[in-house]
Amino acid sequence: MKINRRTFLKSSGLLTGLLLTSKSSLLKALTLENGNFKVIKGNIGIFTERGGTIGWFVNDDSVITIDSQFPETAKNFVEHLKSKTNRKIDYLFNTHHHGDHTSGNKFLSSYANEIVANENCVRLQKIRINSEDSFPASKTFSDEMEINLGKEKIKAYHFGKAHTGGDAVYHFVNHNVVHFGDLVFNGLYPFVNLEDEADFEGWIKYLETCYNKFDSETTFIFGHSTDPNKLTGDRENLIVMRDYLSSLLDFVKKNKSEGKTKKEITSVSEIPNTPKRIEAWEGALKINIEQAYDYLNR
Ligand SMILES: [Zn+2]
């Protein structure tokens, strides 16, 4: 849903009502009013419009945003955010360099004190994203970083190449919520491009590392799903994603060793031994197979 003047005035009206109503019922009202800007747990919520899911955190001490979608949707996101706080964004984090996660950086930079990403995310953004809206993070980390926010603490991790060469996950430690970027395409065939330094084996390992790093109570925010209820999930979703990637790799490996051509292998309509996924764009499965084929040939 696009925010319009009426919706915005409605939310502002709700804010005025803050003195009369309790904070939690205000949050609930905002959630119901604006379906694509909603609370998922405590002070943490998501925003969806176009591109990768934005994660947000707002309390009295700090405002955090993870990923920025596109300039026009980042603008809509800010209108929602303004209805919750007058503060600037303390940190905008990027999960990886893809345009549907970072093209709103430039717009958000005037609302954010600092933009943070993994060093490889910034490196790839500079070589791979050819857009005037590309605006890489100014602060980077290599493997791990910790930021204290008073009542909350964020730990950032990079466990090597996976969906891209610069994927980071961000853990709100006290809420036990992780923004997981595009490491899980929940129920969809994933976007894979070796030119973004995607690495199938690295991705499988990354998912296993995170499965063990976090616990059964952890809530994960996923970059993409066509089902709004599957934009968040638990660590079992990581295993489903891992199983898809390894079945895909095994399938292509086996067919290759039997002497089949790339074209012959891509003629299938699904990967054996793995639940069918949705093709969110035309040829998604075919591209997955081709990328796996080229990966095995590298
Ligand atoms: Zn991506």
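Here is a short walk through this predicted model, one selection at a time.

**Stop one: the sheet.** Start by showing the strands. You'll find an open sheet of seven strands, ordered 1-2-3-4-5-6-7, with mixed pairing. Now colour strand 1 (37-41) and strand 7 (139-141): these two stand at the edges. Each has a single partner strand, so one side of each has no neighbour in the sheet. While you rotate the view, look at how the strands sit against each other: neighbours in this sheet are turned by 25 degrees on average, direction ignored.

**Stop two: inside the sheet.** Select residues 63-66, which make up strand 4, and residues 91-93, which make up strand 5. The two run parallel and are joined by three bridges. Which residue of strand 5 stands opposite Thr65? Click across and you land on Leu92.

**Stop three: a helix over the strands.** Next, pick residues 119-128, which form helix 6. This helix lies across strand 6 (115-118) and strand 7, and its direction is at about 95 degrees to strand 6.

**Stop four: Leu183.** Finally, jump to the loop between strand 11 (177-179) and helix 7 (200-213), and select Leu183 there. Is Leu183 buried or exposed? Leu183 counts as buried because 27 C-beta neighbours lie inside 10 Å, and 20 are enough for that label. Leaving aside neighbours within four places in sequence, show the residues Leu183 is in contact with: Ala162, His163, Asp167, Val169, Tyr206 and Leu207. Then add Met241, which is 58 residues from Leu183 in sequence, with 8.2 Å between their C-alpha atoms.

Conventions. Residues numbered from 1 in each chain as written. Predicted model: local features only at pLDDT ≥ 70, side-chain atom pairs only at ≥ 80, totals over all residues. Helix = DSSP H or I, 4+ residues; strand = E, 2+ residues; numbered from the N terminus. Buried ≥ 20, exposed ≤ 12 C-beta atoms within 10 Å, placed from the backbone. Contact = placed C-beta atoms within 7 Å. Pairing = 2+ DSSP bridges. Axes fitted to C-alpha atoms, helices over the stretch in contact; angles between N-to-C directions.
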